[in-house]
Structure formats: C-alpha cells, structure tokens
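Student: I have a model open and would like to work through it. Could we take it piece by piece?

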Amino acid sequence: MDPNPDLGHEVETGTGELRLPLARRVVAEGLGTALLVMAVVGSGIMATRLSPGDVGLQLLENAIATGGALVGLILMMGAVSGAHFNPIVTLVDRALGSIPTRDALAYVPAQIAGACAGAALANLMFDLPVVELSTHRRASRSEEHTSELQSPCNLVCRLLLEKKK
C-alpha cells in the first residue's frame, strides 16, 4: 500500500476555498462544539474535585485542559468546517463575507445543539444530573459579562488573523 496515495483532490485547509458538502461541515461544527463544551464543563467539574478549596488552581487546571482541547479541535475540525464552534464566531465570519448565509444558518443550530449535548455528556461523565442549573454566583455583574465574552472574542481574533494571511 502506497504511504502517500494521490487522493485525486486537494485537501481542505479550513480556509473555505474548497467547498466540502454542507452536511459534513455542519456535523463537524456540531461535533466540535459538543466536544469543546464537554471539555470545558468536564474539566471544570474535575478541577473542583481535584482541588477543593483552591479556586486559583481550579482555574489553572480548567484553562490548561480547555486550551489543549481547543487547539486539538481546531486542528482536527478546522480543515472541515473552519472550526467556529460558536455562533458569534460564525456570524462574524458571515459578516466578513467568508461564508454564505446558507452555511451560517446551518452552522448556528448545529453549534447550539452540540453545546447542549456536550454539557449533558459532561454531566453524565461525572454522575451528575443530565441537566442542572448553575447556582454559582459571580462576584459582580461585570465578571459575568467579561467571562462570557472572553472566549468568543478570542475565537473572533483568531478568525480575523487568519483572514489577513
């Protein structure tokens, strides 16, 4: 068997220049979002169990696990769909004209469904109820908003930097 077979086509690099079937890209967005949310939620649960009482260490554990998962998922799914994993990122990519409206309208529901499934699976992995409302109160309103905006902003910056190349 030839170790370098000629596949007869170019490989998608995540730039959107090659158009893979929409269904394949939508599945990649949904699955990638599910895996990312599962990593974020799961690492948060695990960090609280590994380091009870040490919030600083919990944040470090969660950040390292989340960063590793994000890098792996971008490398894995970026070549298929662009690895948006977030409706805000998808809508910014649409606003920049990088993806058509039809694709954005398909990606967003897949991402929302993937996020819900990822959170539910993370809870199941740790023997928690499948759906559980958070009771954690942040120190301030600005902390809540800042933490919710940080991740999409990071992904949008990555998207903007890629478009400049």
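**Confidence and layout**

Tutor: In the chain, confidence peaks in helix 4 (residues 101-125), with a mean of 96, and is lowest in helix 5 (residues 141-164), with a mean of 71. The score is pLDDT, the predictor's confidence in each residue, from 0 to 100. This is a predicted model: local features need pLDDT of at least 70, side-chain atom pairs count only at pLDDT 80 or more, and totals for chains, interfaces and linings use all residues. Residues are numbered from 1 along each chain as its sequence is written, and side-chain values use heavy atoms, with hydrogens and water left out.

Student: What is the mean pLDDT of the chain?
Tutor: Of its residues, 81% reach 70 or more. The mean pLDDT of the chain is 84.

Student: Which pattern does the chain follow along the sequence?
Tutor: Helices (H or I, at least four residues) and strands (E, at least two) are DSSP runs, numbered from the N terminus. The chain has five helices and zero strands. Read along the sequence, the pattern is α-α-α-α-α.

Student: What percentage of the residues count as buried?
Tutor: Buried means under 20% relative accessible area, exposed over 50%, partly exposed in between (1.4 Å probe, protein chains only). The chain has 165 residues. The buried share is 33%.

Student: What share of the contacts with a separation of 6 or more comes from residues 24 or more positions apart?
Tutor: Contact means heavy atoms within 4.5 Å. Among contacts with a separation of 6 or more, residues 24 or more positions apart account for 67%.

**Helix 4**

Student: How far apart are the end C-alpha atoms of helix 4?
Tutor: The expected span of a helix is 1.5 Å times one less than its number of residues. Helix 4 has 25 residues, so it should span 36 Å. The model agrees: its end C-alpha atoms are separated by 36 Å.

Student: Which helices do the buried residues of helix 4 pack against?
Tutor: The buried residues of helix 4 include Asp103, Tyr107, Gln111, Gly114 and Gly118. Their packing partners are helix 1 (22-50), helix 2 (55-81) and helix 3 (87-95).

Student: Which residue with a positive phi follows helix 4?
Tutor: Look just after the helix. The phi there is near 55 degrees. The residue is aspartate 127.

**Nonpolar cores**

Student: Which element gives the most residues to the largest nonpolar core?
Tutor: A nonpolar core is a set of buried Ala, Val, Leu, Ile, Met, Phe, Trp, Tyr and Cys residues joined through side-chain atoms within 4.5 Å. The largest has nine residues: Leu20, Ala28, Leu36, Leu73, Ile74, Met77, Val80, Ala83 and Phe85. Helix 1 and helix 2 are the elements that give two or more. The top contributor, with four residues, is helix 2.

Student: How many residues are in the other core?
Tutor: This core lies apart from the largest one. Among its members are Leu22, Val26, Tyr107 and Ala110. Its size is six residues.

**Aspartate 103 and its partners**

Student: Is aspartate 103 buried or exposed?
Tutor: Aspartate 103 lies in helix 4. Its relative accessible area is 0%. That is under the cut-off, so aspartate 103 is buried.

Student: Which residues does aspartate 103 touch, not counting those up to four places away in sequence?
Tutor: Aspartate 103 and leucine 22 are 81 residues apart in sequence, yet 7.0 Å apart C-alpha to C-alpha. The full set is Arg19, Leu22 and Arg25.

Student: Which residues do the salt bridges join into one network?
Tutor: A salt bridge is a side-chain nitrogen of Lys or Arg within 4 Å of a carboxyl oxygen of Asp or Glu; the whole structure has two. Arginine 25 meets aspartate 103 at 2.5 Å, N to O, and because arginine 25 lies in helix 1 and aspartate 103 in helix 4, the pair ties together parts 78 residues apart in sequence. Arginine 102 also bridges to aspartate 103, with the closest N and O atoms 3.7 Å apart. Shared partners make one network of Arg25, Arg102 and Asp103.

Student: Which arginine counts as exposed?
Tutor: Arginine 25 has 4% relative accessibility, so it counts as buried. At 55%, the exposed one is arginine 102.

**Histidine 84**

Student: Is histidine 84 buried or exposed?
Tutor: Histidine 84 is in the loop between helix 2 and helix 3. Its contacts include Glu29, Asp93, Tyr107 and Leu155. Relative accessibility is 1%, so histidine 84 counts as buried.
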